[in-house]
Amino acid sequence: MTFTQELIEKNLSVWQQCLDSPFLQQLGAGTLDEACFKGYIVDDSLYLREYAKVFAWGMTKAEDLDAIRTYYSLLSFVNEGEGATRLVYLNRYGLDDHSIQHLPQRPENLAYTGCMIKAARDGKGAPECMMACLPCMVSYQWIFQRLLQQYPNVRETPFWPLVRDYTSQSYEQACQSWLAYTDRICQDLDAERKAQCSEIFRECSLHELHFWEMSLQPRTDLP
Ligand SMILES: Cc1ncc(C[n+]2csc(CCO)c2C)c(N)n1
């Protein structure tokens, strides 16, 4: 079993709780209140802005071009794939990136991005940086694939563009290559550093769960 397979296995119960969260279950069934979804999209947009800073810290410690290429590929997915879908949703709600930048991240969101940025800032290098962003990328693939199996009719709901992004073959391939890169750089780490990495992965998985729980409440500060 590779290191990332081990990490995923250890955290599957948390990801299962994400999948079972009322927000995702209602999203799959198409019954989710769009005010909650709107709040999620706004917080997620603010989250992705902060997410970019994780790689800014990662870049300063990069020891080879492989690390830089991986960070670039992660960021370009945020910007091109997810970014495009998010913008369609923001527009649908009469918002755009500019009009939401002044809004605060809700506390669970802030706690999550704070944790990721700290891991990349205080960590020794690429392994810690990848640990901070692996749960977000890989849990989405795991969760949305299962959600689509459970609710094939989600294709007929307003939430399909989001589900489609994370269930596409190209997203699965991208995840595989990010995982393979992580396994490569973690191969020769000593036990102590592996344990620290595992702790970051755990913490960020729990933050994913808290983000889904937070999203069941609509934001109260949106136009
Ligand atoms: C709270 C939250 N968690 C995870 C994602 C998914 N995600 C974030 S960045 C990225 C690109 C590759 O890592 C992916 C898939 C999200 N949008 N919002």
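Biologist: What volume does the largest cavity have?
Modeller: The largest cavity has a volume of about 180 Å³. This is a predicted model, and the search of the whole structure finds two cavities of 30 Å³ or more.

Biologist: Why is this space called a cavity and not a pocket?
Modeller: In a cavity, a 1.4 Å probe fits but cannot get out, whereas a pocket is an open set of points. The space of about 180 Å³ was found as a cavity, so the probe has no way out of it.

Biologist: Which residues lie nearest its centre?
Modeller: Tyr47, Leu48, Glu82, Cys136 and Met137 do, out of 17 lining residues. Helices H3 (34–60), H4 (65–92), H7 (126–150), H9 (169–186) and H10 (191–214) each give two or more residues to that lining.

Biologist: What makes up the lining of the largest cavity by class?
Modeller: There are 14 nonpolar and three charged residues, with no polar ones. Tyr and Cys count as nonpolar here, so Tyr47 and Cys136 of this lining belong to the nonpolar class.

Biologist: How do you know where the ligand sits?
Modeller: A molecule sits in a cavity if more than half of its atoms lie within 2 Å of the grid points. The ligand passes that test for the largest cavity, so that is where it sits. H3, H4, H7, H9 and H10 each give two or more residues to the shell around the ligand.

Biologist: Which residues come nearest to the ligand?
Modeller: Asp44, Tyr51, Glu82, Tyr171 and Glu208 come nearest, among 16 residues around the ligand. That shell divides into 13 nonpolar, no polar and three charged residues.

Biologist: What makes the pairing of Tyr51 with the ligand a polar contact?
Modeller: The pair must be N or O atoms within 3.5 Å. An N or O atom in the Tyr51 side chain is 2.6 Å from an oxygen atom of the ligand, so the pair qualifies.

Biologist: Which side chains have a polar atom by a nitrogen atom of the ligand?
Modeller: Tyr140 has one at 3.2 Å, and Glu208 has one at 2.6 Å. Both values fall within 3.5 Å, so both are polar contacts.

Biologist: How much of the ligand's accessible area does the protein cover?
Modeller: The protein covers 100% of the 440 Å² that the ligand has on its own.

Biologist: Which residues line the second largest cavity?
Modeller: Ile41, Asp44, Leu48, Glu82, Thr85, Arg86, Leu162, Asp165 and Tyr166 line it. H3, H4 and helix H8 (160–167) each supply at least two of them. The space is about 50 Å³.

Biologist: What makes one residue of that lining polar?
Modeller: The lining has four nonpolar, one polar and four charged residues. Thr85 is in it, and Thr is in neither the nonpolar nor the charged list, so Thr85 counts as polar.

Biologist: How much space lies in the largest pocket?
Modeller: About 250 Å³. Glu63, Asp64, Ala126, Pro127 and Ile185 are closest to its centre, out of 16 lining residues. H4, H7 and H9 each supply at least two residues of the lining. By class there are seven nonpolar, two polar and seven charged.

Biologist: Why does the second largest pocket have two polar residues?
Modeller: Its lining includes Gly123 and Gln196. Gly counts as polar, and Gln is neither nonpolar nor charged, so these are the two polar residues. The other classes there are three nonpolar and six charged. About 200 Å³ of space lies in this pocket, and helix H6 (107–122) and H10 each give two or more residues to its lining.

Note on methods:
Residues are numbered from 1 along each chain as its sequence is written. This is a predicted model: local features need pLDDT of at least 70, side-chain atom pairs count only at pLDDT 80 or more; totals for chains, interfaces and linings use all residues. Side-chain values use heavy atoms; hydrogens and water are left out. On a 1 Å grid over the protein atoms alone, a cavity is a set of points where a 1.4 Å probe fits but cannot get out, and a pocket is an open set with protein on both sides within 12 Å along at least five of seven lines; lining residues have an atom within 4 Å of a point. Grid points are joined across faces, edges and corners, and a volume is the space filled by probe spheres set on the points. Helices (H or I, at least four residues) and strands (E, at least two) are DSSP runs, numbered from the N terminus. A residue is near a molecule or strand if one of its heavy atoms lies within 4 Å of it. A polar contact is a pair of N or O atoms within 3.5 Å; within protein, one must be able to donate a hydrogen and the other to accept it, and residues adjacent in sequence count only if both atoms are side-chain atoms. Accessible areas come from the Shrake-Rupley method with a 1.4 Å probe; for residues, only the protein chains shown count as cover.
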